[in-house]
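Me: I am new to this structure and would like a friendly tour. Could you take my questions one at a time?

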Amino acid sequence: MWFYRIMSWFIKITGFIPYLFCYRTKVYHEDKKHNSLKIKGKAIVASNHNAVMDVAAMLYVLWRRTPRTLVAEVMYTKNVFIRFTLKALGCIKVNRDAHDLSFMDKCNKILDKGGLIEVYPESRLARKGEEKPLPFKPSTVYMALSSGAPIIPIYNDGKYGGKKGASAMVGKPFYARDYYDDNLSERENAEIITEKLRDRIIELKDELDKRTKK
């Protein structure tokens, strides 16, 4: 864990100036009581997915924490530098094609120790013409239900490199167990709660649009 924290801070510090000038992300909060810099204990950060740069952006949105990010296996095949960086940051590889759920056990162990997991529930980037955000995969909700960790929903507009820079809206904690219906199966609950989580992130998009248009 300490190695990941050291690498995270090294990347944050050395990359701060170029990130500030080239991308920068302005952070808004749905409720000031729930500041992204004050997230304590175990939690699951769930954000919409715009680009590979999202992972770097979250390092600055979550400045004081070291998130362990779920990353698709394809990213590890890009090049040696990316593979080394992902491993150094403690990212968790998810093999989407193999239906391998071993990553869930890794995440639960990290959460049990008070860690922070970062998830992009869409699982992939949207293709041209697809409605965004894409439908969410239920693994985030299953993880929240099994661990009891709150989900911190975030909407990121992904406008990297623009004149105004990117903006992100951090929402209030979302507790999956609050929406659990004992009359339904676990699978049915997961599907319903996953849709509610997606709706929450869309609400954060609407709130961000309102604030950035002022």
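Below, questions and replies go through the sheet, its helices and the empty spaces of this predicted model.

Me: Thanks! In what order do the strands of the open sheet run?

Reply: Happy to start there. The sheet is open, holds 7 strands and has mixed pairing. From one strand to the next, the twist averages 25°. Read across, the order is β1-β7-β6-β2-β5-β3-β4.

Me: Which strands stand at the edges of that sheet?

Reply: An edge strand here has a single partner strand, so one side of it is left without a neighbour in the sheet. The strands that stand this way are β1 and β4 (92-94).

Me: Which residue of β7 stands opposite T25?

Reply: Let's look at the pairing of β1 (25-29) with β7 (residues 166-170). These two strands pair in the parallel sense over 5 bridges. Opposite T25 in β7 stands A166.

Me: Is S167 buried or exposed?

Reply: S167 is found in strand β7. Leaving out residues up to four places away in sequence, it touches T25, K26, Y28, Y155, N156, D157, L208 and T212. Its relative accessible area is 8%, and buried means under 20%. So S167 is buried.

Me: Which residue in β5 is the bridge partner of I44?

Reply: β5 (116-119) pairs with β2 (43-47) in the parallel sense, over 4 bridges. With β3, β5 also pairs in the parallel sense, over 2 bridges, and there T69 stands opposite E118. The bridge partner of I44 is I117.

Me: Which residues are buried on the two faces of β5?

Reply: In a regular strand, side chains alternate between the two faces of the sheet. Both faces of β5 are covered. The buried residues are L116 and E118 on one side, and I117 and V119 on the other.

Me: At about what angle does α5 run to β2?

Reply: α5 packs on the sheet and touches β2, β3, β5 and β6 (151-156). α4 also lies across strands, namely β2, β3, β4 and β5, and runs at about 155° to β4. For α5, the angle with the direction of β2 is about 165°.

Me: Which elements are included in what covers the buried residues of α5?

Reply: The buried residues in α5 are T140, V141, M143, A144, L145 and S147. Just after the helix, G148 takes a positive phi of about 80°. The cover over the buried residues includes β2, β3, α4, β5, β6 and α6.

Me: Now for the empty spaces. Which element gives the most to the lining of the largest pocket?

Reply: The largest pocket has a volume of about 1200 Å³. Of the 40 residues that line it, the closest to its centre are V55, L70, V71, A72 and M75. Elements that give two or more residues to this lining are α1 (2-22), α2 (53-61), β3 (68-72), α3 (80-88), α4 (102-112) and α5 (139-147). The one that gives the most, with 5 residues, is α3.

Me: How many residues of the lining of the largest pocket are nonpolar?

Reply: The lining of the largest pocket can be divided into three kinds of residue. It has 7 polar and 5 charged residues. The nonpolar residues number 28.

Me: How many charged residues are in the lining of the second largest pocket?

Reply: About 300 Å³ of space lies in the second largest pocket. Of its 14 lining residues, the closest to the centre are D157, K159, K164, S167 and T212. α6 (186-212) supplies the largest share of the lining, 4 residues. Alongside 3 nonpolar and 4 polar residues, the number of charged ones is 7.

Me: What is the volume of the largest cavity?

Reply: A probe the size of a water molecule, rolled over the atoms, shows where empty space is left. The count comes to 1 cavity of 30 Å³ or more. V55, L59, P67, T69, L89, C91 and E118 line the largest cavity, and these divide into 5 nonpolar, 1 polar and 1 charged. The space in it is about 50 Å³.

Terms used
Residues are numbered from 1 along each chain as its sequence is written. This is a predicted model: local features need pLDDT of at least 70, side-chain atom pairs count only at pLDDT 80 or more; totals for chains, interfaces and linings use all residues. Side-chain values use heavy atoms; hydrogens and water are left out. On a 1 Å grid over the protein atoms alone, a cavity is a set of points where a 1.4 Å probe fits but cannot get out, and a pocket is an open set with protein on both sides within 12 Å along at least five of seven lines; lining residues have an atom within 4 Å of a point. Grid points are joined across faces, edges and corners, and a volume is the space filled by probe spheres set on the points. Ala, Val, Leu, Ile, Met, Phe, Trp, Tyr, Cys and Pro count as nonpolar, Asp, Glu, Lys and Arg as charged, and the others, Gly among them, as polar. Two strands pair if DSSP finds at least two bridges between them. Axes are lines fitted to C-alpha atoms, for helices over the stretch in contact, and angles run from 0 to 180 degrees between N-to-C directions. Contact means heavy atoms within 4.5 Å. Buried means under 20% relative accessible area, exposed over 50%, partly exposed in between (1.4 Å probe, protein chains only).
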